[in-house]
Amino acid sequence: DLSPVPRIRFLMSVDFPPFNFTDQDGRLVGFHVDLAREICAQLKIESKCQVQALPFDELEAALEMGEGEAVMSGVASSTDLRKSFSFTRPYLLLPARFAVAKTFKANGQSAATALSGKTVGVVSNSRHEAMLKAFFPKLKVSGFDGYEPMYEALKAGKVEAIFADSL
């Protein structure tokens, strides 16, 4: 019974298309917005539902201060966060992918064969770096402090490939 609940506000970031972003009219749209609306429709509480966009790094504090009841923005579950918040089961998992320049000449039928001995860029200390080292031990790994420096290294030919999520 949600009758005593005055509102359910879903907090999300505004800069992560196709999940949450502003359209040409300045409205918040995307998969997470649609998902929040569908949850409210299923619960028959559309009139109580609100969606609010904040910078990603402000979501946790806003939830702690009662400015919303849920966050929908790909917050990774951790032991520390589970002490303060409840998490749903994951509803979306992004597979990892290799990306190469259009000029890359692949030799072999698999990524392991085609990239054997090549340098592959990855964000340092990420789950992708751990996966790359575990499943592709023959590749040379070059760590980067973020996505942009890694993309620039690929464009400049400093690495033959990069490894990140498919988004």
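Is lysine 44 buried or exposed? Lysine 44 is exposed, since its relative accessible area comes to 69%, and the cut-off for that label is over 50%. Keep in mind that this is a predicted model. Below is a quick tour of a four-stranded open sheet, two helices that touch its strands, the salt bridges and a nonpolar surface patch.

**Around lysine 44**

- Lysine 44 sits in the loop that connects H1 with strand S5 (49-53).
- Take histidine 32 as a reference point: lysine 44 is twelve residues away from it in sequence, and the C-alpha atoms of the two are 18 Å apart.

**The open sheet**

- The strand order is S7-S10-S8-S9, and the pairing is mixed.
- S7 (96-100) and S9 (140-144) are the edge strands; each has a single partner, so one side of each has no neighbour in the sheet.
- Going from one strand to the next, the twist averages 30 degrees.
- S8 (residues 119-123) and S9 run parallel, with five bridges joining them.
- On the S9 side, valine 141 is the residue that valine 120 stands opposite.

**Helices on the sheet**

- Helix H5 (residues 127-135) packs on the sheet and touches S7, S8, S9 and strand S10 (161-165). The direction of H5 makes about 125 degrees with that of S10.
- Helix H6 (residues 147-155) also has a place here, lying across S7, S8, S9 and S10. Relative to S10, H6 runs at about 150 degrees.

**Salt bridges**

- Searching the whole structure turns up six salt bridges.
- One of them pairs glutamate 69 with arginine 7, with 3.1 Å between the closest N and O atoms. This pair ties together distant parts of the chain, 62 residues apart: glutamate 69 is in the loop between helix H2 (59-64) and strand S6 (70-71), while arginine 7 belongs to the segment before strand S1 (8-12).
- Glutamate 69 counts as partly exposed because its relative accessibility is 39%, which falls between the 20% and 50% cut-offs.
- Within helix H5, glutamate 129 and lysine 133 are four residues apart, or about one turn of the helix, and their side chains meet in a salt bridge at 3.5 Å, N to O.
- The two ends of that H5 bridge get separate labels: glutamate 129 counts as buried at 12% relative accessibility, and lysine 133 is partly exposed with a relative accessible area of 48%.
- Helix H6 holds a salt bridge too, between glutamate 152 and lysine 155. Their closest N and O atoms are 3.5 Å apart, and the residues are three apart in sequence, again about one turn of the helix.
- In the H6 pair, glutamate 152 is partly exposed, with a relative accessible area of 42%, whereas lysine 155 is exposed at 66%.
- Asp23, Asp25 and Arg27 are tied together as a network of salt bridges.

**A nonpolar surface patch**

- Six side chains make up a nonpolar patch on the surface: Phe16, Phe31, Tyr91, Leu92, Leu94 and Leu167. Together they have about 530 Å² of accessible area.
- Phenylalanine 31 from this patch lies in helix H1 (residues 31-43).
- With 37% relative accessibility, phenylalanine 31 counts as partly exposed; that clears the over 30% needed for a patch residue.

How values were computed:
Residues numbered from 1 in each chain as written. Predicted model: local features only at pLDDT ≥ 70, side-chain atom pairs only at ≥ 80, totals over all residues. Heavy atoms only, no water. Patch = residues over 30% accessible without salt bridge, like charges linked within 9 Å, V, L, I, M, F, W, Y side chains within 5 Å. Areas by Shrake-Rupley, 256 points an atom, 1.4 Å probe, with all protein chains shown as cover. Salt bridge = Lys/Arg side-chain N within 4 Å of Asp/Glu carboxyl O. Buried < 20%, exposed > 50% of the residue type's maximum accessible area, 1.4 Å probe, protein only. Pairing = 2+ DSSP bridges. Axes fitted to C-alpha atoms, helices over the stretch in contact; angles between N-to-C directions. Contact = heavy atoms within 4.5 Å.
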